[in-house]
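Got the model loaded in your viewer? Here is a walk through it, one selection at a time.

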Amino acid sequence: MVTAAVPFYRPSVGSAEVDGVAETLRSGWLANGERTALFEQRMADLVGGSAAVATASGTAGLFVALQALGVGPGDEVITTPVTCIASVNALAMTGASPVLVDVRADTLTLDPELVEAAVTDRTVAIMPVHYAGVAEDIDAIAAVARRHGLAVLDDAAHALGASSRGRPVGSTADLTVFSFSATKIITTGEGGMIVGRPDLVARARILANLGADRHATPPTAAAPSSWANVVVPGLKLAMCDVAASIGLAQLDRLPSFLARRRAIAARYGERLAGLPGLQLPVVPDGTTASWHLYTLRVTPDELGVDRDEFVWRLCQAGVTAAKQFKPAHHEPYLRERFPDLAARLPVTERESRRNLSLPMYPALTEGDVETVVSTVPRVVEWCRTPCQGVPG
């Protein structure tokens with residue numbers, strides 16, 4: 001076995017993040033407070049949202065956002081099977097039914113025409129996922145929502161910094177949820193942010209704080225919060241100031257992170273274009289990608305091996321790739337609940353067997369990038385020449 005020379009991910013965390021955490025630890029206030037409030041305001045300003053509330057994870061943010069929209073048992077929410085299972089899990093935890101709709105073959109984002117066809121009298125919301133950091137067709141989704149009186153909740157876990165027709169992801173939906181887990185565009189270790197309509201964000205803030213309406217003024221060490229009324233059942237899902245202090249430092253670095261991701265994507269595109277058996281990612285006109293992932297799709301008949309074999313061979317040659325994502329309806333609990341769903345999702349079924357991701361993160365060095373763009377062609381040749389050994 002070959003030890004990977006280029007890992008799939010390395011975090012970009014430096015002295016500013018360390019100093020921010022140390023300052024918070026010395027402040028005497030570690031819980032949800034002033035630093036979290038500042039992080040929320042900066043995120044809302046950044047993405048053009050009216051208001052924001054930070055959560056303990058992106059998954060928690062989706063769950064709270066769905067609750068804030070009033071989603072519950074008996075309701076249906078239309079979403080995509082091409083996503084991390086967290087998206088569908090958060091929906092299922094509300095008691096609502098996920099309605100999984102097929103995706104576009106080019107971007108692997110929801111197909112708006114199929115979304116419209118899936119609307120029933122039980123549908124209350126649409127939850128698009130901006131897969132890999134390529135913005136969904138927000139105008140088409142919004143038009144479907146308007147025609148049927150539905151809410152739109154954007155799962156933007158991949159899409160901080162992405163935009164569609166000049167509008168940032170986070171500025172158009174009723175609510176948008178970002179993720180700050182370790183591999184995302186920016187990280188707080190774990191964390192999330194709900195951005196959107198002030199009335200819905202206010203409700204989400206209550207739901208994320210045990211159902212208590214206590215944060216009209218953020219607490220501080222000198223002025224802790226007093227008793228608050230619990231107005232709805234809620235869980236403790238808010239972000240703490242320790243995590244927010246990391247997020248604030250990461251926000252300062254966001255422009256450089258995005259620039260680096262876009263430079264790497266351009267280099268990959270230049271060096272990998274035209275390789276037999278590989279399809280490069282598609283970014284539609286008018287869309288700016290955040291490049292959370294850089295995805296390739298394998299054509300086995302042309303390449304000579306399937307996706308799984310190709311990923312294994314990349315790892316053998318020193319580049320760690322990943323299969324992303326296992327379709328949500330392939331998970332046992334959803335497969336048992338919807339045993340016939342695969343037949344209604346032909347694009348997802350076909351493309352999910354072809355899809356993989358290359359290393360894509362700001363900490364990639366120029367040497368790392370060169371390793372990737374020189375190794376992938378060699379592995380393609382290896383795949384197409386069965387008698388050839390591991391490429392040197």
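**Stop 1: the enclosed spaces**

The second largest cavity holds about 60 Å³ of space. Keep in mind as you click around that this is a predicted model. To see what surrounds the second largest cavity, select Y9, R10, S12, K184, I185, I186, T187, Q250, F257, R261 and P362, which line it. That lining splits into five nonpolar, three polar and three charged residues.

How many cavities of 30 Å³ or more are there? The count comes to three. The largest of them has a volume of about 90 Å³. Select D106, T107, L108, Y131, A132, V134, P281, V282, W291, L293, T295 and R297 to show the lining of the largest cavity. Colour these by type and you get eight nonpolar, two polar and two charged residues.

Stay on W291 for a moment. It sits in the loop between β11 and β12 (294-298). W291 is not a glycine, yet its phi is positive, at about 55 degrees. Is W291 buried or exposed? It counts as buried, because its relative accessibility is 14% and the cut-off for buried is under 20%.

**Stop 2: the largest pocket**

Next, move to the largest pocket, with about 370 Å³ of space. It is lined by 28 residues, and the ones closest to its centre are C84, A157, H158, S181 and K184, so select those five to find the middle. Three elements each give two or more residues to the lining: α3 (58-68), α4 (85-93) and β8 (175-179). By type, the pocket lining has 14 nonpolar, 11 polar and three charged residues. You have met K184 already, as part of the lining of the second largest cavity.

**Stop 3: strand β2 and its partners**

Now select residues 76-79, which make up strand β2. Side chains in a regular strand alternate between the two faces of the sheet. Turn the view to check both sides of β2: E76 and I78 are buried on one face, and V77 and T79 are buried on the other.

Add residues 97-100, strand β3, which pairs with β2 in the parallel sense over four bridges. Look across from V77 and you will find P98 in β3. To get from β2 to β3, the chain passes through α4, in a right-handed β-α-β crossover.

Then add residues 123-127, strand β4, which runs parallel to β2 and is joined to it by four bridges. V77 is again a handy marker, with A125 as its bridge partner in β4.

**Stop 4: helix α6**

Select residues 138-148 for helix α6. Which of its residues are buried? They are I138, I141, A143, V144 and A145. Show what surrounds them and you will see the buried residues of α6 packing against α5 (112-118), β4, β5 (151-155), β6 and β7. Just after the helix, G149 has a positive phi of about 65 degrees.

**Stop 5: a three-stranded sheet**

Two of those packing partners, β6 and β7, belong to the next selection. Together with β11 they make an open sheet of three strands in the order β7-β6-β11, with antiparallel pairing. Why is one side of β7 (167-168) and of β11 (287-288) left without a neighbour in the sheet? Because both stand at the edges, each with a single partner strand.

Zoom in on β6 (residues 163-164), which pairs with β11 over two bridges in the antiparallel sense. S163 has T288 as its bridge partner in β11. Now follow the chain into the loop between β6 and β7, where you will find R165. R165 has a phi near 50 degrees, a positive value in a residue other than glycine. With 49% relative accessibility, R165 counts as partly exposed.

**Stop 6: two more loops**

For the loop between α7 (198-207) and α8 (241-272), select V231. V231 is exposed, with a relative accessible area of 52%. Setting aside neighbours within four places in sequence, V231 is in contact with I206 and G211. Try the distance tool on V231 and P255: they are 24 residues apart in sequence, and their C-alpha atoms are 40 Å apart in space.

Finish with F325, in the loop between α10 (307-317) and α11 (332-337). The peptide bond to look at runs from Q324 to F325: it is cis, with omega near -5 degrees.

Definitions and conventions. Residues numbered from 1 in each chain as written. Predicted model: local features only at pLDDT ≥ 70, side-chain atom pairs only at ≥ 80, totals over all residues. Heavy atoms only, no water. 1 Å grid on protein atoms, 1.4 Å probe; cavity = no way out; pocket = protein on both sides within 12 Å on 5 of 7 lines; lining within 4 Å. Points joined across faces, edges and corners; volume = space filled by probe spheres on them. Nonpolar A, V, L, I, M, F, W, Y, C, P; charged D, E, K, R; others polar. Buried < 20%, exposed > 50% of the residue type's maximum accessible area, 1.4 Å probe, protein only. Pairing = 2+ DSSP bridges. Right-handed = clockwise from strand over helix to strand, strands pointing away. Contact = heavy atoms within 4.5 Å.
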